[in-house]
Amino acid sequence: MITEEELDNLIICKKCHTLHKRVPLPPNKKAFCSKCDILLYQNNPNILNKTLALVIATTISLFVAFKFTIVTIDIQGMEKSLTLYALFMVILEQHQYIVGVMFIFLIFIFPITIIFSMLILLILMKRKKGGYLVKRLLILLAHIRPWSMVDIFFISLLVAMVKLFDYAYIELGVSFIALIFTLILDIIITKNLSFYELWNLYTKIYGGVDE
Amino acid sequence: MSRELEYIRCHICEAVNYVNEKETKCRRCHEEIAPNLRLSYHKTLAFLITAIIFYIPANLYPILVSKQFGKTTTNTIMGGIIHLWDAGSYPIALIILLASVFVPLLKFILIIYLLISTRHNLHSSKVDKHKLFYITEIIGPWSMVDVFVVVILSVLIHFSGVQIFPGEGATAFGLMVFFTMISAQSFDPRLINQQKGDTF
């Protein structure tokens with residue numbers, strides 16, 4: 001029978017499902033899959049503090065991105081702005097409930113839930129409190145992470161702007177810049193901290209404490 | 001039993017688990033890790049068929065309806081791409097073609113291939129199949145680009161004389177993407193590790 005510690009020293013590649021044995025890494029070194037070269041794990045000292053700082057920055061930029069105007073277009077003196085409020089209004093007015101609800105969940109509710117969950121769980125992990133809540137938040141994150149589509153929204157925004165270039169004068173708002181910041185920060189966070197490592201930290205901090 | 005079948009990766013917390021008959025919950029997050037393989041197979045198939053059904057109205061019905069001073073014009077996905085191409089916006093036409101036509105079709109083909117190959121134990125590399133499944137999960141949400149573009153345009157072009165609405169096609173398309181994503185999520189990677197002769 002294989003013990004828990006032995007299992008903890010194994011890792012399965014998320015891409016090709018090859019079984020690997022973990023070896024201790026020197027600080028700031030990374031381990032890659034032997035078959036498909038994808039990052040398996042890394043030794044990143046002080047990861048909690050670094051990620052917490054990045055998550056706080058993301059929370060602020062996400063708040064700005066949703067609060068203010070993303071773009072304003074001007075067609076022969078007629079102005080229209082893209083804001084979250086305008087979006088709600090148009091969806092209600094045009095009775096586009098299915099598309100609208102999907103849009104609001106994918107662009108607004110899921111990203112906000114993810115960033116707040118990250119914020120709460122990182123703070124709790126730093127203070128070594130609330131093991132059960134941390135676990136529930138980690139499970140919640142695993143479920144909703146594939147459904148957050150801010151990056152796809154940004155590409156769509158660019159496509160929409162190119163479509164409008166010929167007819168309208170386009171002015172970028174504060175939120176547009178904030179959206180770019182949010183995406184860059186998100187890339188840095190996911191590059192530095194995989195969920196595999198968050199779970200490992202969870203085991204290290206709370207041990208066998210659960211339920 | 002193969003070596004890969006003995007160890008499985010929890011899809012929630014990524015912990016390595018040793019599967020035996022009585023333990024079906026992950027040792028770390030206590031989420032279900034060994035659901036019924038037959039159920040997983042049929043769920044994937046059912047959601048895939050739903051997605052393919054939605055793909056038909058998504059292409060036939062207009063994704064974008066524009067009203068200009070009482071005159072209504074509609075655009076389907078392919079119509080929109082041809083229109084962009086004719087107007088000289090080649091990069092945008094290609095992005096939309098890639099995201100709205102190729103990505104969904106590729107996903108359908110990949111999931112169908114994975115289902116058939118697991119059912120009939122086709123002789124192909126398991127590692128390759130795992131990689132294909134990984135690609136399926138990564139490219140999934142990118143088909144939403146066209147729906148998002150339409151929603152953004154409907155908010156921006158909302159004047160008394162000129163208006164843009166998402167058409168029925170947009171709803172069908174959004175639901176199609178939703179169901180392909182659910183279908184990919186229902187697929188249990190353990191199906192790939194099935195050996196010849198294993199039944200599920």
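A:Asn46 is exposed, because only 8 other C-beta atoms lie within 10 Å of its own, where a residue counts as exposed at 12 or fewer. In this predicted model, A:Asn46 sits in the loop between β4 (39-42) and α2 of chain A, and its phi is near 65 degrees, a positive value in a residue other than glycine. Most residues other than glycine have a negative phi. A second residue can be read in the same way, namely A:Lys128, whose phi is near 55 degrees and thus positive although the residue is not glycine. A:Lys128 belongs to the loop between α4 and α5 of chain A, and it counts as exposed because it has 10 C-beta neighbours inside 10 Å.

The loop that holds A:Lys128 leads to α5(A), a helix of 14 residues that, at 1.5 Å a residue, should span 20 Å; the end C-alpha atoms of α5(A) are 20 Å apart, so the expected and the modelled spans agree. Which residues of α5(A) are buried? They are A:Val134, A:Lys135, A:Leu137 and A:Leu138, a set that includes a charged residue, A:Lys135, beside the nonpolar A:Val134, A:Leu137 and A:Leu138. Seen down the axis of α5(A), the buried residues fall within an arc of 165 degrees, and they therefore line one face of the helix. On the other side of α5(A), A:Tyr132 and A:His143 are exposed. The buried residues of α5(A) pack against α4 and α8 of chain A.

A comparable reading can be made of helix α7 of chain A, which covers residues 174-192. Its 19 residues, at 1.5 Å a residue, should span 27 Å, and because the end C-alpha atoms are 27 Å apart, the model agrees with that expectation. The buried residues of α7(A) are A:Ser175, A:Phe176, A:Ala178, A:Leu179, A:Thr182, A:Leu185 and A:Asp186. What covers these buried residues of α7(A) includes two helices, α2 (47-67) and α6 (150-164), together with two strands, β5 (71-75) and β7 (169-172), of chain A.

These elements belong to a chain that has eight helices and seven strands. Chain A has 211 residues, of which buried residues make up 28%, and its C-alpha atoms fill a box of roughly 75 × 35 × 30 Å, taken along the principal axes. Of the contacts in chain A with a separation of 6 or more, 63% are accounted for by residues 24 or more positions apart.

The domain assignment divides chain A into domain 1 (1-42) and domain 2 (44-206), and the C-alpha centres of these two domains lie 30 Å apart. The contact between them takes four residues from domain 1 of chain A and four residues from domain 2 of chain A. On the side of domain 1 of chain A that touches domain 2 of chain A, the residues divide into two nonpolar, two polar and no charged. Chain B is likewise assigned a domain 1 (1-34) and a domain 2 (36-191), with C-alpha centres that lie 32 Å apart.

How many residues does each chain bring to the contact between chain A and chain B? The contact takes 47 residues from chain A and 44 residues from chain B. Several elements of chain A each supply at least two residues of the side that touches chain B, among them α1 (4-8), β1 (10-12), β6 (78-82), α3 (84-94), α4 (97-127), α5 (131-144) and α8 (195-206). The element that gives the most to this side is α6(A), with 10 residues. By residue type, the side of chain A that touches chain B divides into 34 nonpolar, six polar and seven charged residues.

It remains to consider the confidence of the prediction. Chain A averages a pLDDT of 87, and 98% of its residues score at least 70, while chain B has a mean pLDDT of 85, with 94% of its residues reaching 70 or more. Among the elements of chain A, the lowest mean pLDDT, 79, belongs to α1(A), and the highest, 92, to α2(A). Where pLDDT is low, the predicted coordinates should not be read in detail. For the model as a whole, the scores are ipTM 0.87 and pTM 0.88.

How values were computed
Residues numbered from 1 in each chain as written. Chains lettered and ligands numbered in written order. Predicted model: local features only at pLDDT ≥ 70, side-chain atom pairs only at ≥ 80, totals over all residues. Domains from an automatic or database assignment. Contact = placed C-beta atoms within 7 Å. Helix = DSSP H or I, 4+ residues; strand = E, 2+ residues; numbered from the N terminus. Expected span 1.5 Å × (residues − 1). Buried ≥ 20, exposed ≤ 12 C-beta atoms within 10 Å, placed from the backbone. pLDDT = per-residue confidence, 0-100. Arc of directions from axis to C-beta.
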